[in-house]
Structure formats: C-alpha cells, structure tokens
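This report sets out the fold and selected local environments of one protein chain. The sequence and the coordinates are shown first, and the discussion follows.

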Amino acid sequence: MKKEYHILNGDALKEQFPEDIKGTLIIARECLIEGNVDGDTFDSFFNNRAQFISKNYGDTKEAYLQNVKTEFQKILTLESDSNVNLWFEDDLFCQVNFWFVIHLLSENKVQNNLFLVRPPKHTQYGFGALNKQELFAVYQNRTKIKPRKSISSLWLAYKNKNWDLLKLTAKSIEDTYPFILAAVQAQLDRLPKDGKPGRPTQTLQKIMAEQQTKDFKKVFKEFSIRESIYGFGDLQVKALFDQILKNQ
C-alpha cells in the first residue's frame, strides 16, 4: 500500500487538519517571499535562511535549523512510490513556498505521485476559513501536479531574480494553473519602478491617507482585504509600515 504524505504550508493548517485524512504531515515553516534565498546546496541555502531569520525575527539559528530545516529534510527522503499532497493556497506567500517544495522534489528525482490541494476560491483567509468537512472535500478534489519541471523552474527564476523568465514560465502553464500567473504578477508589482515604491507600499500609503490613520492594526486589516494576493502576515506588513513612517 502506498504511503501518504501531506506537506502543509504552516502550522495553522496542522491544527485544523481533519483526523479522517490519513497520512504523515510535513510542515513547511518558511516565508521565502523575503530575505536571503542564496545557496547552491541544501545546507548552504538553509544556513543563509537561518542567518536571515535570526537577524530579522529573533529566533536562534539553532531553533530555525531544528524546527524548519528538519521538516524540509523529510521531503528529501520520501518513498518514490508514495502519494504526496501539497496543501498550498494561491497567494504569493504560499506560492513561492510551493515552487520551492516542487523544486526540492524535482532536484532529488523523487518520482512520487504529486497532488495539489487548494481552497475552492482565493480569499484572504484561505484554508483558515474552511471547517474540517470542507477541508476533507478539497482533499477529495485534489489535482495531480504536472508539469512539475515548469513549477520547479519558477523557483529558480524567483531565486535568481530573473523576472522575465518568471513571467514567461507562468504564462506557459497558465491554462493549467491560472492562479500562478496572478501570484507572479503580484511579485513583479512588488518591485520599485520609476522612482516609485512597490505595490504593497503604495497600497499602505493609500490606506493610511484615506483613513487618516497610523494605527497599524487598522491599516493591516484593510491591507489584508485589498491585497490578499500577497498573503502577507503582520510581520511582513509591519516592516513596510515602519519604513513608511521612517521616511515621512
């Protein structure tokens, strides 16, 4: 009997995961949308990530390597004939992690049966808005992932900041994965252009001006509604928010 694995994008989904769905859980505890993503080997990559997380989020390098790297190492040892379900949403935060996981599987030539499990529609709440019965339903509606090589290429393009290739690759699989192109466009819109800040910063500035407020909680709540495509948590938005205040 084939073994069943579920790669979840974060611990929140683990807490609500239906008991009726059998299999081993692997937690992708990362935020690859920001920070150092250099490194030619598995170890060098995660050492760079550990340094970034330690410097910017306060976790020790040891804690990061223990809690994060070890989960990704599990992906490298999956049986070749197992079923691997990737639970990822459509927003940029989730998508970049999704591309990375597919790249890990592809690089190590693991020929598992790969399936994508995603919410029926994109909202700011994602899986968090679904009860256990609804989560079981989206699992039953999972789709086989192909072509995995193209999705792996998305990670390499993102890592190397090859934005033209990133968009070209997303367009080449648009018929199968239209939501990927939307996430890619959100990434391209993050980039400063013509002396103007990226889209997330511009949105924050607009919210602050419209609501005449510097209350972060209010601003974050509105940002999450308007820019759910990014999937940013409060830490990512707070960094942008603080930079805006600093520049005023």
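Leaving aside neighbours within four places in sequence, with which residues is phenylalanine 216 in contact?

## Phenylalanine 216 and its surroundings

The structure discussed here is a predicted model. In this model, phenylalanine 216 is in contact with Asp234, Val237, Lys238 and Phe241, once its neighbours within four places in sequence are left aside. Phenylalanine 216 belongs to helix α10, which covers residues 216-226.

The relative accessibility of phenylalanine 216 is 16%. Buried status requires a value under 20%, so phenylalanine 216 counts as buried. One of the contacting residues, Lys238, is 22 residues away from phenylalanine 216 along the chain, and the two C-alpha atoms are separated by 7.5 Å.

## Overall architecture

The protein contains eleven helices and five strands. Its radius of gyration is 18 Å, close to the 18 Å that the globule rule gives for 248 residues, and the protein is therefore as compact as a globular protein of that length. Along the principal axes, the C-alpha trace spans about 60 × 40 × 40 Å.

Of the 248 residues, 49% are buried. The accessible surface of the protein amounts to about 13000 Å², and carbon and sulfur atoms account for 48% of this area. Among contacts with a separation of 6 or more, 63% join residues that are 24 or more positions apart.

## The five-stranded sheet

The strands form an open sheet of five members in the order β2-β1-β3-β4-β5, and the pairing is mixed. Strands β2 and β5 (143-144) are the edge strands, each pairing on one side only.

Strand β1 (residues 4-8) pairs with strand β2 (residues 24-27) in the parallel sense, over four bridges. Within this pair, isoleucine 7 stands opposite isoleucine 26 of β2. The connection from β1 to β2 passes through helix α1 (residues 11-16), and this β-α-β crossover is right-handed. Strand β1 also pairs with β3, again in the parallel sense, over five bridges; glutamate 4 is placed opposite asparagine 83 in β3.

## Strand β3 and the cover on its faces

Strand β3 (residues 83-87) is mostly covered, and five of its five residues are buried. In a regular strand, side chains alternate between the two faces of the sheet. For β3, Asn83, Asn85 and Trp87 are on one side and Val84 and Leu86 are on the other; these residues are all buried, so both faces of the strand are covered.

Strand β3 pairs in the parallel sense with strand β4 (residues 113-117), over five bridges. The bridge partner of leucine 86 in β4 is leucine 116.

## Nonpolar cores

Which residues have the most contacts inside the largest nonpolar core? They are Phe72, Leu86 and Trp99, in a core of 65 residues. Helix α4 (residues 92-107) gives the most to this core, contributing eleven residues. A second, separate core has twelve residues, among them Leu13, Ile21, Val138 and Tyr139.

Leucine 86 is thus listed among the residues with the most contacts inside the largest core. Not counting residues up to four places away in sequence, leucine 86 touches Ile7, Phe98, Val101, Ile102, Leu114, Phe115, Leu116, Val117 and Ile145. One of these residues, Leu116, is also the bridge partner of leucine 86 in β4.

## Two further buried positions

Glycine 10 is located in the loop between β1 and α1. With a relative accessible area of 16%, glycine 10 is buried. Apart from residues up to four places away in sequence, glycine 10 touches Ile27 and Ala28. Glycine 10 and alanine 28 are 18 residues apart in sequence, and their C-alpha atoms are 5.6 Å apart in space.

Threonine 169 lies in helix α7, which comprises residues 163-172. Its relative accessibility is 9%, and threonine 169 therefore counts as buried. Leaving aside neighbours within four places in sequence, threonine 169 is in contact with Ser150, Ser153 and Leu154.

Methods: Residues numbered from 1 in each chain as written. Predicted model: local features only at pLDDT ≥ 70, side-chain atom pairs only at ≥ 80, totals over all residues. Heavy atoms only, no water. Helix = DSSP H or I, 4+ residues; strand = E, 2+ residues; numbered from the N terminus. Buried < 20%, exposed > 50% of the residue type's maximum accessible area, 1.4 Å probe, protein only. Contact = heavy atoms within 4.5 Å. Core = buried A, V, L, I, M, F, W, Y, C linked by side-chain atoms within 4.5 Å. Pairing = 2+ DSSP bridges. Right-handed = clockwise from strand over helix to strand, strands pointing away. Rg over C-alpha atoms; globule rule 2.2 N^0.38 Å. Areas by Shrake-Rupley, 256 points an atom, 1.4 Å probe, with all protein chains shown as cover.
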